[in-house]
Each structure stands twice: as structure tokens, then as C-alpha cells.
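Biologist: I am new to this structure and would like a close look at a single part of it. Please start from one residue and work outwards in one connected account.

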Amino acid sequence: MEGLGLWGVPVAVLGGAIRVSTPFLFVSLGECITERSGRINLGLEGILVTGAMTGYAVSYVSGSPWLGVLAAGGAGLLLGLLHGVICNLPRVNDIAVGIGLMLFGTGLAFFLGKPYVQPKAPTLPAIPFGAWSSSPQIRAALDVNPLFLIGIALAVALGWAFRHTRWGLVVRMVGDSADAARAMGHDVARVRAVSTGLGGLLSGIGGSFLSLYYPGSWSEGLSSGQGLMAVALVIFARWNPLHCFYAALLFGERARSGPALQSVGFTSGYYLFNAAPYVVTLAIMIATCSPRRTLAGAPGELSINR
Amino acid sequence: MGVKLAMAVAGMIAGGLWIALAGALRQYRGVNETISSLLLTYIAIAVFNHVVEGPLRDPASLNKPSTTPIGDVNMLGQLPGLDVHWGLGWGIIFCAAMAVLMRHTTQGFALRIVGGNARAARLAGLPVGRLVLFACFLGGAAAGLAGMVEVAAVHGSANASLVAGYGYAGILVAFIARQNPLAIVPVAILLGGISASGGMLQRRLDLPDATVLVLQGVAFLLILASETLYGRFKVFRPRSA
């Protein structure tokens with residue numbers, strides 16, 4: 001941080017927030033689609049890790065990181081569909097299946113990903129928005145990955161789609177009242193399975209960002225609960241895709257300020273800093289939940305509201 | 001003996017209070033207990049790491065930070081005549097106590113009513129909030145006791161190898177045992193055996209240690225999916241009470 005002194009902290013936090021928030025953004029957008037259809041998928045953590053592993057392995061084998069991103073999305077889609085289809089069976093609890101999928105996804109990723117811990121795969125390129133600056137810190141902070149921009153576009157597009165497209169309205173109706181959707185002749189089970197699958201697809205892509213850009217390698221400790229935090233993040237964002245983007249930035253910033261402060265001399269309490277996002281999430285949930293009413297904007301069929 | 005008992009009680013109180021917090025949030029603030037307990041898990045691990053690497057760190061532990069060893073005198077030791085430590089005995093005692101509590105006491109009966117239908121329980125005048133907190137405390141206490149046994153019978157000090165996902169495996173055990181405290185004993189031994197075989201799979205068959213995780217995940221998903229068969233075949237039909 002030499003050269004910028006204490007100013008290095010906000011710059012590093014901004015750059016870090018952009019980098020760290022991208023997986024949050026994708027996973028929370030995916031969870032947003034799933035929850036809008038009335039189902040909660042806690043297994044996104046497993047999907048994220050599987051996506052990270054698949055993306056890294058495919059990038060290593062094929063030499064193309066973008067192919068890796070696609071493969072990660074495909075793997076996520078499959079796992080998401082698995083969750084959706086199992087939960088379509090009567091009397092199956094979606095939260096419990098989510099925990100099962102979390103174990104299965106991480107296990108599968110560790111099992112298949114063992115050979116890819118060592119080798120170095122080609123990673124995603126960054127767009128250097130900071131090329132105008134002579135300061136290396138600012139340049140490092142403004143190296144933005146294309147996936148981040150895709151994520152923003154996706155958040156805007158999803159917010160629009162939920163309001164103005166047939167598909168978005170059907171998903172929301174299924175999420176708010178399955179009976180009404182059934183009366184209108186929609187296949188509730190299919191809509192939910194597809195929504196969960198799409199959620200998995202986005203989470204898989206979010207995972208590939210972890211292994212292919214930042215931190216940019218595959219290891220078993222790659223994810224630190226981003227998939228789980230995204231679930232809380234969606235609640236924080238009140239099921240609004242655009243708010244998911246702001247919330248992801250906020251979470252990324254929280255997750256990032258610990259190491260940044262550490263680099264300028266605050267060394268004690270490193271682990272407590274790392275836990276800050278969880279504390280913040282919990283505090284937000286305590287502040288916004290109430291036993292007497294459901295949260296504003298919450299899909300009526302969601303099991304956490306019943 | 002006094003120290004061991006104190007360790008057990010301290011572990012149970014710490015675990016109990018932690019999960020009672022999730023229960024209280026659910027009961028009085030309407031925070032979803034699945035999400036809050038997951039978050040609390042991460043917070044607890046962070047606090048654990050902070051304490052182990054900071055205030056309670058043994059200066060002699062260089063590469064792998066851990067607390068000062070509790071000393072051989074305070075270790076739980078083996079069951080007489082077996083190559084198994086006392087944790088198994090304590091676990092079976094806890095399970096039996098829970099079975100008695102759930103089946104043969106008014107508290108347990110009230111708990112089952114609350115679990116079956118909270119609104120009916122409230123109409124019947126049961127203190128639903130207190131009962132939920134009590135159940136959460138017991139659940140957390142069981143986990144706290146497990147942690148204490150891990151320290152006092154296996155590791156001898158607290159370090160990062162305690163964070164091994166026993167909690168998630170425990171959820172799986174409870175589901176397979178269909179929330180029956182006595183069925184937990186065989187199921188837990190079975191799952192423990194599967195986990196322990198991980199090392200052997202690695203050495204003999206050259207499989208990665210994550211094989212066990214995959215197996216647990218598949219088992220969990222299949223068992224949850226089989227919930228749908230409940231009541232459709234004779235074997236799965238609930239016994240009329």
C-alpha cells in the first residue's frame with residue numbers, strides 16, 4: 001500500500017469489493033430466481049464449489065477459460081435441476097434437500113477435483129479500466145472482469161423480466177400462489193424445476209469466477225460460505241434482482257475490508273473481521289424479520305414464510 | 001472426575017446457549033432458524049479460530065495453532081476392555097435420557113405436541129416459546145457435549161481439526177433415525193464407520209478422502225427423496241398411535 005498511504009484502504013476496498021462481489025452477485029441472482037418461484041435452495045454452496053471445480057478443470061484441459069465458465073454453468077444447471085426434481089416429489093422438504101445437495105456438491109467437487117489442485121489453468125482476462133492511471137493500486141483496483149459486467153446486465157435484465165415478460169410473471173405467480181397458477185393451467189412443478197435449474201446455472205458460473213479469476217486457482221478451501229450467504233443476501237435484497245446487486249457489493253466490501261485493514265497494520269482479530277459478513281447478515285435479518293407479518297416482497301409460497 | 005464433569009457441563013451450556021439463540025430468534029423475531037443457525041455456525045467457527053490463535057494459543061504449537069493440552073489426567077480414556085473411548089458411553093447415556101424425556105415425561109409430550117402443531121399447542125395453553133427454547137438448548141447441548149468429547153478423548157486440545165463437519169453429518173443421522181433418539185445410536189455408529197473408512201479407502205484403494213463426502217451426500221439425497229414413499233407402501237406407513 002505504499003504510495004497511497006491510508007488512501008490505499010478505500011481504493012483496495014473498492015477494487016476488492018468489485019472482485020469479491022461477483023460470485024455473490026451470480027449466486028444471489030440465481031437464488032433470487034429460485035426463491036421467486038417459491039422454493040429455497042440451500043445447496044447453492046455445493047453448486048458453487050462444483051462450478052468452481054468444473055470451470056477450472058475444463059479450462060485446464062481445453063485451454064479456454066470461457067469454455068470453463070460454460071461448463072461450470074452446465075454443471076450448475078444439472079445440480080439445480082436435481083434439486084428441483086427431487087423437491088417436486090410430494091412431502092420432500094426443500095431446505096433439507098438443500099443441505100444434502102450442499103454435502104453432495106462439495107463432496108463431488110473435492111472427489112473429482114483432486115487432480116486439478118496442482119496444475120495452473122488459464123484464467124479469465126480482465127478489462128483494464130484503470131489504464132489511464134499511473135498508480136499501480138488504482139490500476140489493480142479497476143481491473144474489472146467481464147463476468148462482473150455480465151452480472152450487472154443480468155441483474156437489470158432480470159428485474160425487467162420479472163415485471164414485463166410472460167415468463168417472469170408466471171414464475172412470480174407460481175411463487176406467490178401455487179393454487180392460482182394451477183388454476184391458470186400452469187405446471188407448477190415444471191416452472192419450479194426450471195427456476196431452480198436456472199438458479200444452479202448462475203451459481204455454477206459464480207463458482208467458475210472464484211477458480212478462474214479471483215482468487216484464481218482451485219483448492220478445497222476456495223469457497224468460504226458464499227453460497228450460503230447469498231441466501232441471506234437475497235432476503236436482505238427483498239427478492240429484487242437490482243437490490244441483489246447493491247447487496248452483493250456491500251457484502252463484497254464487508255468481506256474485503258478485513259484483509260485491507262490488516263495490510264495497513266490492524267492485525268489482531270483477523271478471524272473476527274472475516275466473520276463480519278455473517279454478523280451483518282444476521283443483524284439485518286434480526287432487524288427486518290418479524291413473527292407477525294411476512295417480509296415485504298416475499299414470495300407467498302416460500303417455506304421460510306410459512 | 002470433577003474437571004471432566006465441569007468440561008462436559010461447560011461444553012453443553014455453551015452449545016445449548018448458542019442454539020437457543022437461534023431458537024429465540026425464530027420464536028420472537030421470526031428469523032428462519034435454518035439460515036440463522038447456519039450463520040451462527042460460521043460466526044462460532046470464526047470466534048473459535050480467533051480464540052485458538054489468539055488468547056488461548058499454546059506458544060509451543062508452531063505450525064498448527066492449538067490451545068494448551070488439557071493434560072493426560074483430564075483425558076476421558078477408554079471404555080474398560082474395549083478400544084473405544086468414553087465418548088460412546090456418554091453418547092448412549094444422552095440418547096437414552098432423550099428417549100425417556102421424549103416418551104415418558106410431560107415435557108416430552110408437550111414438545112411433541114408443539115412439533116406436531118404449534119397452533120394447537122398454543123390453544124391448549126402450552127408455553128410454546130419456552131418449550132422451543134428448551135428443545136433448542138438440548139439440541140445445542142448435545143452438540144456441545146460432542147465437541148467436548150472430541151477435545152477430551154481424541155485431540156487433547158482445541159485446534160482447527162475439530163471443524164470437520166460433524167454437525168452436518170449429525171443432521172443426516174437425525175434424518176435417517178427419523179428423529180428417534182434410540183435409533184440415533186446405531187445410525188451414528190454406521191455413519192461414523194463410513195467416515196472412518198475414508199482413511200482406509202485412501203490407503204487401500206487410492207481413492208480421495210472426499211469419497212466419503214460423496215457417499216454421505218448421495219445417501220442424504222436418497223433418504224430425503226424417499227420421504228415421498230411414506231404412507232404409500234405398508235413398510236413406510238406410520239403406525240397408528
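Modeller: Leaving out residues up to four places away in sequence, A:G105 touches A:G46 and A:T50, where contact means heavy atoms within 4.5 Å. This is a predicted model, in which local features need pLDDT of at least 70 and side-chain atom pairs count only at pLDDT 80 or more, while totals for chains, interfaces and linings use all residues. Residues are numbered from 1 along each chain as its sequence is written, chains are lettered from A and ligands numbered from 1 in the order in which they are written, and side-chain values use heavy atoms, with hydrogens and water left out.

A:G105 sits in helix α4 of chain A, residues 94-113. Helices (H or I, at least four residues) and strands (E, at least two) are DSSP runs, numbered from the N terminus. With a relative accessibility of 0%, A:G105 counts as buried; buried means under 20% relative accessible area, exposed over 50%, and partly exposed in between (1.4 Å probe, protein chains only). From A:G105 to A:V231 there are 126 residues in sequence and 17 Å in space, C-alpha to C-alpha.

On one side of α4(A) is the loop that joins α3 (65-88) to α4 of chain A, and A:R91 is found there. A:R91 is exposed, its relative accessible area being 53%. Its phi is positive, about 65°, although A:R91 is not a glycine. Most residues other than glycine have a negative phi. A:R91 is also one of the residues in contact with B:T228; the others are A:L89, A:P90 and A:V92, neighbours of B:T228 within four places in sequence being left aside. B:T228 lies in the segment after α9 of chain B and is buried, at 7% relative accessible area.

That leads to the interface. In total, 41 residues of chain B are in contact with 44 residues of chain A. The buried area, meaning the accessible area (1.4 Å probe) that two parts lose on being put together, summed over both, is about 3,700 Å² between chain B and chain A, and carbon and sulfur atoms give 79% of it. The rule finds zero salt bridges across this interface; a salt bridge is a side-chain nitrogen of Lys or Arg within 4 Å of a carboxyl oxygen of Asp or Glu. It finds two residue pairs in polar contact there, both at pLDDT 80 or more. A polar contact is a pair of N or O atoms within 3.5 Å; within protein, one must be able to donate a hydrogen and the other to accept it, and residues adjacent in sequence count only if both atoms are side-chain atoms. On the side of chain B that touches chain A, at least two residues each come from α1 (2-29), α2 (33-53), α7 (166-176) and α9 (211-226) of chain B. Of these, α2(B) gives the most, with 13 residues. The residues on this side of chain B divide into 25 nonpolar, 10 polar and six charged. Here Ala, Val, Leu, Ile, Met, Phe, Trp, Tyr, Cys and Pro count as nonpolar, Asp, Glu, Lys and Arg as charged, and the others, Gly among them, as polar.

On the other side of α4(A) is the loop between α4 and β1 (127-128) of chain A. The side chain of A:K114 meets that of A:E220 in a salt bridge, 3.3 Å from N to O. A:K114 lies in the loop just named and A:E220 in the loop between α9 and α10 (226-236) of chain A, so the pair ties together parts that are 106 residues apart in sequence. A:E220 counts as partly exposed at 33% relative accessibility, and A:K114 likewise at 34%.

The loop of A:E220 follows α9(A), residues 188-212. At 1.5 Å a residue, the 25 residues of α9(A) should span 36 Å, and the end C-alpha atoms are 36 Å apart, which agrees; the expected span is 1.5 Å times one less than the number of residues. Of those 25 residues, 20 are buried, and α9(A) is thus mostly covered. A:D187 caps the N-terminal end of α9(A), with a side-chain oxygen 3.3 Å from the backbone nitrogen of A:A189.

As for the whole of chain A, there are 13 helices and two strands, and buried residues make up 57% of its 306 residues.
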